[in-house]
Every structure is written in C-alpha cells, then in structure tokens.
Amino acid sequence: MTKSTFSLSNSLGLLALLLIMIALPFAIALFDGQSPAAVLGSETGSAKFIQGLLIEVFILAIYALSYDLVLGVTGLLSFGHAMFFAVGAYWTGIAFKSLGWGVGVTLLALVAAAVVQALLFGVVLARVKGITFALVTLGLASVFHIIIQATEFSTYTGADVGLQGVVVPEWIDTVDQRFRFYVIALLATFGFYLLYRRFVDSPTGRVCVAIRENEERALALGYNTFYFKLIALLLASITAAFAGFLHTVHQPIVSPNVASLGFTVAALLMILIGGVGTLSGAILGAAVFRLLEYYLERWFGPSASFLLGLIYIGLVFFLPYGIIGTWHISGFRLKGVTWLLERGRSQN
Amino acid sequence: MTFDRLKKNRTRLITLAILTVLFVTASRGMPADDWALTVLRGLSVGMITFLVAAGLSLIFGLMDVLNLAHGELFMIGAYVGWTVYVRPDTVVDLLTPICLVAVGLALLPLLEPTVDRWQKQLTGRLPQVWPWLTMTLGAGGVVWLFGRYPLSIWHPEEFSQSPGTFALAVDQGTLQVVPAESTGLIVVLGFLLAGFVLAAGIAGWRRLGTAPLSHSGLPRGAVMAGVLLLLVAAVCWLANDSLSNWLLNMNTTGRFFLAMGAATGAGVLLGGFVETTLIRPLYDRPIYQLMLTLGLSFIGIELVRAVWGRPEFTMPKAALFNGRGDGCPAESFADLLANQCATMSLFGARIRTYNEIFIIVVGLVVLIAVWILLQRTRLGMIIRAGVQDSEMVEALGINVRRVFTQVFALGVGLAALGGVLAAPSIGLSNDMGTRLLLLALIALAIGGLTSFPGAAAGAILVGLLQQFMIKYGQIGIPLPFLAEPFKPSPPLVPASAVLLMVVILLVLPQGLFGRNE
C-alpha cells in the first residue's frame, strides 16, 4: 500500500462529507418546518434530537477508532479497552464536579491519566501476549469497574448509580449549545480519523502493521516490537479518554457500565461490523451499531436485543469481513484482510 | 533430571506453595464448623464453574473458538431441566411437533440427491431463488401451525400461571395442570409436511455450493434417526395424556434425574447443531467467531425471556434431598441415605445435602469420567493430539471436523448439566449465564487455557476463594495496625477472583497447569 491517503480526490471526498454532515441539522430543521436559525438557537425539535443521536455516534466512533488501532492495526486483542474510555469519562466528571477545574486543565490532566493507564497496560504487555493479554486486561478493567462501584468512593464516583450532577462549562453545554458541540464532536472524529490514517502510513505505523502480520519477523528485522505496541496503546488510550471526555460533557450521568466488559465488546462489535483494521470501518460500524440499537429499541421494544443478535449473525455470514472490509475484497484490493486469513491458518 | 524439572517449574511450585500457605492461614482463622461449611460451599461453586469451564477449555483448546455463548447454554440447560422437572406435560406436548419437523431434517441426506437432480433441470435465476422461497415457506408453515397447536403451558404475565407459582406447587406437592386438547391428525401431518418442505429448501441451498454430494446409496443412519423420531412423535401424540400423567405422578427424585438427563441431552443436540451450522463456516475467521457467539448469547437470553419470562424463580429440590422428618439432620452418610435428609451434621456444621454434597459428588463423577475419556479412549487420544496440533492430526487421516462437532456437543452438554445441577441451589434467572461465564473464564485463565486438569483446579480455586471472602466478610480479618477487623465488602468477592487471575497470569503467563512455550 504505497499510495498516499492524502491524495486530492480523497481529501475532496472527505471535505464534501464534512460539509454534508455540518449541513445535515439545517436540512432536517427545514424538512421539519423549523427555520435554520432554530438549529443555532438549540430549539427543541427533531433537528436537535438527531444532533444528539449523531453526537453519540461520533463519541462511539472515536472510541471504536482507538480500539481499531489496538486490535485492527497492531493486532493486540484487549478486553480492557472500556477502561480507557471510562477513565476519561470519570476523570472529566470528577474534575468538573469535585475539583471545579476548567476545560483546559482537565484535558491536560486527562492526557496524563491516559498515559499512566497505558503504561499500566504496558507492564502487562511486556509479560503476556495473545489471549492471555486479553484476559489480564479484562482483569484490570474489571478491577477498575469494581472500584468505581465501591461505596467507599461514592462522593466522587457516585458508586453504582453513576456519576451525577456534573456541571459542564456553558460554552460547550450540550443543551444550550447543541450545534456547537455537534460541530466539535464532528471535527474531533474527522481529526482523529485523519491522524490515525497518517499514523498508519507513518514508519511507526508500518511497524505496527508488521507486528500484526508477523511479530517474530518484525523482531527479527531488529524492531523492538514492545515499544511500537506501547505507542499504539498510548495513542489509543489518549483517544479513548478524549471520547470519554466528550461522553461526560454530552451526558449528565456517567454510568459504571462504561467500564464493563460489555462496553469493550461493543467496541469489538463496531469494528467487526465495519471491518477490522480499516479505520473508516470503525466509524461506519459505530454509526450502524448505535443507530440499529436505537431504532430497533424504538420500533420493536423489548425484543430488539433478539433482532440485534440475529443481525449480528447475519452480518457474520453475509458480510464476512465487515462492511468496508468486504467492500474492499469484492472490489479489487485485499488490504487489511489477508492477515485474518493468515491468522486463522497459523492458529490451527 | 528431577532437579532440572524442579528448577524449570520453580515459579509454578513457589506459586502453589504460596497458595497453600494462604489457604492454611485462612483456614486457621475460623472455627471448624465454619471451615467445613466454607470449604464445601467453595467446592460446590467450584464444581458448577468447572462444568462450564471444562467445555470452554476443550473447545478453545481444540478449535481455538472462545465460545462467548457458553454461559447462555448453561442457562438454557437450567431452564430445560426446570421444564422437564416442573412441567413434564408441556414437554410431552412439545415433543410431537419438534420430532415431526426434525424427521424432515434428519432425512436431509436422503432428499439431497433427488433435489440435486431436480435442480439441475432448472434454468435462469430459479436455482438461486427457489431454496430461499421454500425455506421461508417451510419455516412459515411451522410457525403458523405452531400457533394453532394446543399446548398446556405456563404464562409469565399471569401470577397464577407463572413459572414461579408452578415451581411452588411442585414443592408443596399440589401441582394441578389442565391438559391440552388433543390434536387433530391434519395438524400432525401438517408439521411433517412443513418439516419436509423446510428440509427440501435447505437441501437446495446446500446444492448451490460447489461441494460434491457427500455420499451415495442409502444413508442408513439418517433413515434410522427419521424412523425413531417418527416413533417418538407418534407415541407422544397418541398416548399424550397417559404419558403426561405417568410423568406427573412420578417420584420427584426420578423426575429430577430425568431432568438432568434431558438437559444434558438437549445441550448435546444444541451444541452439535450450533457447531455444524454456525461455527463450522468460521474456522478461518477467528475474530468473527467472537461476534457470532456474542450474537448467539443475545438471542439465547431473549429466547429465555420470551418463553419463561423475566422474573427469577426457583426449582424445587427433589424428595431425595428434601426430607425433614425423623432422624434429620442425619449424623452419618448411611442415615442420610436412609432418611433422605435435607441437611446433615458434619464437624458440627449443618450441611445441606443437595447444595454441599450432591453437586460435589456429581461434579467429581463428571471430572473422572471426562478424565478417563481423555486419557483412556481413542477419541480422547485424538482430542489431546488435536489440542497440540489439529492440522497434523488431520494429515494423519483422522476426520478432525467430526471430532470438533463431538467435542463441541460434549462441552455444551457439560455446561447444560451444570445449569440443571445449579438451578435448585441458585435459582433461575436471565443473567445466570453471563455471571457464570466470567467466573469460568477466570478459572480457565488461572488453570492454563487449554488444560483440562487446569480448568478443574482453576474452578475449585475460584470457588474456594470466593466462599472464603464471603465468610471473612462476616467474621472479619484481624490485621495488624488496625483496631477493627477488616471486613471485605461484597463487591470485593468478585474482585478477589479477578485479582487472583491477574496476579497468577503476570507471574505465570501460561497459567498453573498450562504448557511451557
């Protein structure tokens, strides 16, 4: 894959998509009979509601992107990824509510916290690999999940009811400044996507891909693979923590569920739906995941989960490598997918 | 030589020694009766965990499939066992349509050559389209007929008809059921026909692939299975009332053992079905197996919610474990058997026969049986070889795919047995599977992912640790520098198991019994 991702046509396509996404709330407002000014004024209506739903999609997309970097690009199976997100979400809530910090300081401290937890995972990374790494990270995340539910810290974390009553600075308040926050989340998603594209094309990113393909060979070529895996974890941790930050700003209540195994599995589902290791698939997968969940729940009520299960099984059989991955295969390129086949063979 | 081996396993031995010291220290901190109770409870929880972890470990070792639906299969085992135990008449009613539809599916190999010959004469897009249409028609027919099939069943929404009420009635011996109306011959034949239509559609769909017909001549096994299913369906249809009454008037002990057998059997069939239809196409795509099994677990939970409802309910204990008359609590095992006591005295503690003795006994029997299967039979030899290198086994001319199906069925059967065994002690709820899956995963990781003795040891370790934590949560641990004894709070119970796993894996990445890389 020597072709640069920043070719003219690609950039134009992305720019067009960005503009369409910015114009979307206005279009919905017009369609709904509101004036476009209502979007800027955050008036109640379906435009505001759809923006809220899309903000959730963007947050999940950033989170899924970070998981795709760990699993899809570097080939590390981690079951503790939800902790990265939850640390961001909880830290933001505690900084705003209990410490009364501003956005800038909070974000700086957030990066520090993200680095620390990535280093914690790095300690594990140096010792175990494969499915054992997945289980140890699951263990670390479970311990974190239990700690935030413990009654001892309920003044900070709110124990098992979740963190409530976070007062968000006015200029990014999602109730009064919905459109502004929508654009911020949208730009963040695009920014992280471009950053990740650039990272995968950079020499460091190429080594990460090499580790995914064959770690022994990368070692034999003289790369200290541990540092490259750690870099991927660091970047993913900071990204996921930022997604957690956006989550807390957007949602008034942070539930302890964001640290559970279920939330890691959600990230796994998103990138599997979109296509493992494709990056754009992570964003698409997050959109499909959240919108399916929401609309199935709305149309079918309690039996939505059953249909969701059926859809997942159907996807596995009819889109064998995710939406983007299968599209690449049935198109003419086989990138990012051959490793799955290789992996299947080498594991048997 | 011995010294070398000791040196090689140094870390492992030190870890085992530390665990033993911890166990002894924890034991000395409590009175003898508490200790006996805690250890037996730990073993009991450990045995249930083991039944789930054993299947997970075999499946993961042989096929590299981490079956995330295993906990839900455990749950389904519990619910199926409950149904056989509390409402056997419903099971008899259900057997007729299920067996009739299955006749068509069992005769699939017989249909395939005919369908193949017929399909080759079709032109245009018809060969691609008709299997889907026929399958939809068959499945729709089954659903439509089922809506018209008279069935005597519980209703979760009505309190007087809810599963919990029926369970209570069985416990008090006051169970009254209204038998369903008898079924007309037309409906019965309709089910048979719908089954054949469905099977024809599946046969046509299978012929769309490039695989050649697998066999020629009369498939004797398929015909036998078909005739047998037909026989069962006919008996259940014609002798519905007398069969139901016989089961309902049966001794609860006998019915409980029947329920254990039925749940295990249902698990084996379900496991075989899931492996052949869903898991098999995915051996080349390991990560997508996670998505598939996850989807399956969602479906499993929703199915259970739809059929048995959301509220938790109990499964009454069989008469053998529920005696409260003279001579109870029993003083010795002979007394226990003679009086069928619910409890017995051991080391001055009151021990519940079912929870703390029967579960452990059954767990041990299964442990030894599977151990013999693995170590002393040809199939076991193939499985052990396959865990090391399944490609090599295949190259030696052994049909590994068939062994995969057998092992998957066995693993799911064990999980289902665990479910029905656990149901009288922990009750039935929608999330019992999810909770147990996490425990089983931890046990698996502690013991070494693919090692069978490791799964057993890990499960027992996890069970003991949790029960000791619960006990010390009540009596407190006297720690130096602390005036009050430290009492672990309830959330620390699961956390302790997780922490144990993290520590053991960091010290011994391959687990306690895993092979050195």
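How many residue pairs are in polar contact across the interface of chain B and chain A? In this predicted model, local features require pLDDT of at least 70 and side-chain atom pairs count only at pLDDT 80 or more, whereas totals for chains, interfaces and linings use all residues. Residues are numbered from 1 along each chain as its sequence is written, chains are lettered from A in the order in which they are written, and side-chain values use heavy atoms, with hydrogens and water left out.

The rule finds 4 such pairs, both residues being at pLDDT 80 or more; a polar contact is a pair of N or O atoms within 3.5 Å, one able to donate a hydrogen and the other to accept it. The count of salt bridges between the two chains is 0, the criterion being a side-chain nitrogen of Lys or Arg within 4 Å of a carboxyl oxygen of Asp or Glu. On the side of chain B that touches chain A, 33 residues are nonpolar, 4 polar and 6 charged (nonpolar: Ala, Val, Leu, Ile, Met, Phe, Trp, Tyr, Cys and Pro; charged: Asp, Glu, Lys and Arg; polar: the others, Gly among them).

Contact, defined as heavy atoms within 4.5 Å, involves 43 residues from chain B and 47 residues from chain A. The two chains bury about 3900 Å² between them, 78% of it on carbon and sulfur atoms; buried area is the accessible area (1.4 Å probe) lost on putting the two parts together, summed over both. In chain B, the most area is lost to chain A by B:I287, B:Y288 and B:M291, which together account for 18% of what that side buries.

Helices, taken as DSSP runs (H or I, at least four residues) numbered from the N terminus, that each supply at least two residues to this side of chain B include α12 (252-279) and α13 (286-308). The most is given by α13(B), with 13 residues.

Terms used
A polar contact is a pair of N or O atoms within 3.5 Å; within protein, one must be able to donate a hydrogen and the other to accept it, and residues adjacent in sequence count only if both atoms are side-chain atoms.
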